[in-house]
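Student: I have a model open and would like to learn how to read its strands, sheets and chain contacts. Where should we start?

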Amino acid sequence: MKAFSDYHPLVLLVYFLSILIVAMFVNNPVIGIFALIGGILFCAMLSKRSETAGNLGFYIPLFFMVAITNPLFSHNGVTPLFFLNGNPVTAEAFAYGIAIAVTVTGVMMWCKCYSAVMTSDKFLYLFGKAIPKLSLVLSMALRFIPMFKRQMHKVSRAQKSMGLYSSKSFIDKIKSTMRVFMAMLSWSLENSIETSASMKARGYGLKGRTNFSLFRFYPRDGILLSVCAVLLGVTVAGIITGDTAFYYYPRISELTLTPFSVTVYTAFGILSFLPFMIEVKEALKWKYCISKI
Amino acid sequence: MKKDLLAILGIILIIAVILNGTEIQSVDEYYLTHIDDITPESKTVFITIRCDTILNNLGDLDSNLLEFVPLDGVILPKTEYVLRNGDTVFDILDRAVRYNKIQMEYQGAKQNSFGSVYIQGINFLYEFSCGPLSGWMYRVDGEFPNYGCSKYELKDGQNIEWIYTCDLGQDVGAEWMNNMGGEEK
């Protein structure tokens, strides 16, 4: 189910950029939590059920590790809990650690969604004309690691089928990994040269070259883009006026709940839940149509 | 793959904790309730902690730190403390802030390349809290020693001043900054 990814690439790019930048650079707990929950919900819609356990097993320990690291190194704050080597370990540092963990996991969730939604053909469609070289390099770099993993698996299976390194000894495993890795290095260099030569042969980046793409800017794209712009505008206004300013050190500041700041929080909340709402709407429509048939 | 990353992170964290040492004290144990009594034969030194330069540069100060700047700029008025044998400037400061329940954060001597303790913040006023050139400096008997506070061994009757600077020492009269590039300590 990928209703959101059917929107025009430009809209998707603007949307992801605005969410990521706001979530990364604003350390307000409300905004952080909205971004995290929105990211989790959208990610849950995009990924398969079978992946969920693995994801939880990675992100929950990561969350706690990031949260615990901060108070070990940052000793600012008015409420000391205990003293470690003569430096205080404070409640504020714990709170800030949790806030960092929320931001980090939230941004990781959104990046995961980004890579699922913004496929390299969309990226090339957006930037292929304007900055052909950079966009080709970027899209090659982005697909490099998954491709590397796939090819590595292939090579090691080929080695195994030849009867090499099939014993269970640890040293043997290291040897085989080394051998496969060496082969992979030269393969990846060769592959990137081949890709660029092939793109050149197709006249990529030349003047007058046309591309075929299925992306058209429908009215609904315009609606989503303007909704995003308005919501982002309200959020940025809140950040600039300082209504959403929040400090953890040395004393955790109180959340100011003026009518304007509530508006800002609501705007950002809607912005971060937008893809989830679109997915749910489409899912409901699908279900409703099936039941009618 | 992902699990390996997590395991590596966890191991780094544990190593960091072990390397840092794990001397844990409760809040009551940390703050001193009693300090050496001054007797006629004991050696003593004086210590002052001040941040008046911030009052001239309030515009640069992070707005949430305003409540921690005393109105007269004096965090610890000139006080006399007993000098134990081999005490450095840092030992006296450490005892004084523990006795007066003033917050202080420092970087241990082993954690930097100068081999000396570095005072990062006193009373929630940290380095860089008031502009990019701000931080804590100390002077003994009116002179700024150009080295770390845990390397300066004190003598009887000396006068320590911990001063907050907003301009790498220029605003508190540290002349040596003009002819040699150095690290503030």
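Tutor: Start with what counts as pairing: two strands pair if DSSP finds at least two bridges between them. Keep in mind throughout that this is a predicted model.

Student: How many bridges join strand 2 of chain B to strand 3 of chain B, and in which sense do they run?

Tutor: Strands of a sheet pair through backbone hydrogen bonds, either parallel or antiparallel. Here strand 2 (44-50) and strand 3 (residues 74-82) of chain B run antiparallel, with six bridges between them. One bridge to look up is that of Ile47(B), whose partner in strand 3 of chain B is Thr79(B).

Student: Which sense does the pairing of strand 2 with strand 8 of chain B take?

Tutor: Parallel: five bridges connect strand 2 of chain B to strand 8 (residues 159-165) of chain B. In strand 8 of chain B, Asn159(B) is the partner of Phe46(B), and Glu161(B) is the partner of Thr48(B). Strand 8 of chain B also pairs with strand 7 (residues 135-140) of chain B, there in the antiparallel sense and over six bridges. Within that pairing, Trp136(B) is bridged to Tyr164(B) of strand 8.

Student: Is strand 8 of chain B mostly covered or mostly open?

Tutor: Mostly covered; five of the seven residues of strand 8 of chain B are buried.

Student: Which side chains of strand 2 of chain B point to the buried face?

Tutor: In a regular strand the side chains alternate between the two faces of the sheet. In strand 2 of chain B, Val45(B), Ile47(B) and Ile49(B) share one face and are buried. Thr44(B), Phe46(B), Thr48(B) and Arg50(B) point to the other face and are not buried.

Student: What does chain B look like as a whole?

Tutor: Chain B contains four helices and eight strands. Read from the N terminus, the order of its elements is α-β-α-β-α-β-α-β-β-β-β-β. Along the principal axes, its C-alpha atoms fill a box of roughly 65 × 40 × 35 Å. Of the 185 residues in chain B, 28% are buried. Sequence separation is another thing to read: among contacts in chain B with a separation of 6 or more, 70% are between residues 24 or more positions apart.

Student: Which strands of the 4-5-6 sheet in chain B stand at the edges, and why is one side of each left without a neighbour?

Tutor: This is an open sheet of three strands with antiparallel pairing. Strand 4 and strand 6 (125-126) of chain B are at the edges; each has a single partner strand, so one side of each lacks a neighbour in the sheet. Strand 5 (residues 118-122) and strand 6 of chain B are joined by two antiparallel bridges, and Gly121(B) has Tyr126(B) as its bridge partner in strand 6.

Student: Which sheet has strands from both chains, and what is its order?

Tutor: The one with the order 2(A)-1(A)-1(B), an open, antiparallel sheet of three strands. Strand 2 (87-90) of chain A and strand 1 of chain B are its edges, each with a single partner strand, so one side of each has no neighbour in the sheet. On average, neighbouring strands of this sheet are turned by 35° against each other, direction ignored.

Student: Which bridges hold that order in place on paper?

Tutor: Take the two pairings in turn. Strand 1 and strand 2 of chain A run antiparallel and are joined by four bridges; Pro80(A) has Thr90(A) as its partner in strand 2. Across the chains, strand 1 (residues 80-84) of chain A pairs with strand 1 of chain B over three antiparallel bridges. Phe83(A) stands opposite Gln25(B) there.

Student: How many residues of each chain are in contact with the other?

Tutor: The size of an interface is often given as the accessible area lost when the parts come together. Here we have contact counts: 23 residues of chain B are in contact with 18 residues of chain A. On the chain B side, the elements giving two or more residues are helix 1 (2-20), strand 1 (24-26), helix 2 (27-30) and strand 4 (104-107). Helix 1 of chain B gives the largest share, seven residues. By class, this side of chain B has eleven nonpolar, nine polar and three charged residues.

Terms used:
Residues are numbered from 1 along each chain as its sequence is written. Chains are lettered from A and ligands numbered from 1 in the order in which they are written. This is a predicted model: local features need pLDDT of at least 70, side-chain atom pairs count only at pLDDT 80 or more; totals for chains, interfaces and linings use all residues. Two residues are in contact if their C-beta atoms, placed from the backbone, lie within 7 Å. Ala, Val, Leu, Ile, Met, Phe, Trp, Tyr, Cys and Pro count as nonpolar, Asp, Glu, Lys and Arg as charged, and the others, Gly among them, as polar. Axes are lines fitted to C-alpha atoms, for helices over the stretch in contact, and angles run from 0 to 180 degrees between N-to-C directions. A residue is buried if 20 or more other C-beta atoms lie within 10 Å of its own, exposed if 12 or fewer, and partly exposed in between; C-beta atoms are placed from the backbone.
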